[in-house]
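Student: I have a structure in front of me and would like to learn how to read a helix and a core. Where do we start?

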Amino acid sequence: MIETKLIVGISIVVTAVAYVLENRLRRGKHEPKAAFRRKGQLLSPAERAFLSVLEQAIGDQGRVFSMVRVADVLDMDRGMGGGERHSTLHQIQGAHFDFVICEPESTDVICVVELHDGSHAGGDAWKQRDAFLAEACAAAGLPLIQLPWQQNYDVSEIRSLVLSRLAGVAIG
């Protein structure tokens, strides 16, 4: 009788241990994956239309990239204090430039372009963001062109505007 109880007890323990181990192994192999989905278009219709005009205006004198993170273009001053550094990092963390014009061979950033479409009509937050970016670009010596969205653009006007902003800009 004692042997039967001992055998049953051992069987229960072995079964429980086997169940726990199997579940741990199964979880390790089949971790639930984060659910992701593709967002779709990278650029708004207004940005896509402007990109085409900007590429025509720049021609082979530069490369145009879109939706580039500010943190990939501007670096913070090393002398910046901890609190100020944290605040500035927070401001640039999720921000991006609509378009970045680079030197074609080295891809050094030579100019950034912000297209003020309907999304910039969102009030004070957008005004503060735009003012911050203008100040940051000025401090870095990086030309920033801010343009209002238009139904149509004149390629030669955009070319003249960009070239006038690039006159005398040191690359690298």
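Tutor: Start with one helix, and keep in mind that this is a predicted model. In helix 5, the buried residues are Arg129, Asp130, Phe132, Leu133 and Cys137.

Student: How do the buried residues of helix 5 fall when seen down its axis?

Tutor: They fall within an arc of 160 degrees, so they line one face of helix 5. On the other side, Asp124, Lys127, Gln128, Glu135, Ala138 and Ala139 are exposed.

Student: What span should helix 5 have, at 1.5 Å a residue?

Tutor: An expected span is 1.5 Å times one less than the number of residues. Helix 5 has 17 residues, 124-140, and should therefore span 24 Å; its end C-alpha atoms are 24 Å apart, which agrees. After helix 5 comes Gly141, with a positive phi near 70 degrees.

Student: Now the core. Which residues have the most contacts inside the largest nonpolar core?

Tutor: That core has 21 residues, and those with the most contacts inside it are Phe50, Leu54, Phe99, Ile101, Val113, Ile158 and Val162. Two or more residues each come from helix 2, strand 2, strand 3, strand 4 and helix 6. Helix 2 gives the most, with six residues.

Student: What is Val162 in contact with, leaving aside its neighbours within four places in sequence?

Tutor: Val162 is in contact with Leu54, Ile58, Ile101 and Ile145. Another core, of 15 residues, lies apart from the largest one; Leu74, Val100, Phe132 and Leu142 are among its residues.

Student: Is Asp154 buried, exposed or partly exposed?

Tutor: Asp154 is partly exposed, because its relative accessible area is 36% and partly exposed means between 20% and 50%. Asp154 is in the loop between strand 4 and helix 6, and its side chain makes a polar contact of 2.6 Å with that of Ser156.

Terms used
Residues numbered from 1 in each chain as written. Predicted model: local features only at pLDDT ≥ 70, side-chain atom pairs only at ≥ 80, totals over all residues. Heavy atoms only, no water. Core = buried A, V, L, I, M, F, W, Y, C linked by side-chain atoms within 4.5 Å. Buried < 20%, exposed > 50% of the residue type's maximum accessible area, 1.4 Å probe, protein only. Helix = DSSP H or I, 4+ residues; strand = E, 2+ residues; numbered from the N terminus. Contact = heavy atoms within 4.5 Å. Polar contact = N/O pair within 3.5 Å; in protein donor to acceptor, adjacent residues only side chain to side chain. Arc of directions from axis to C-beta.
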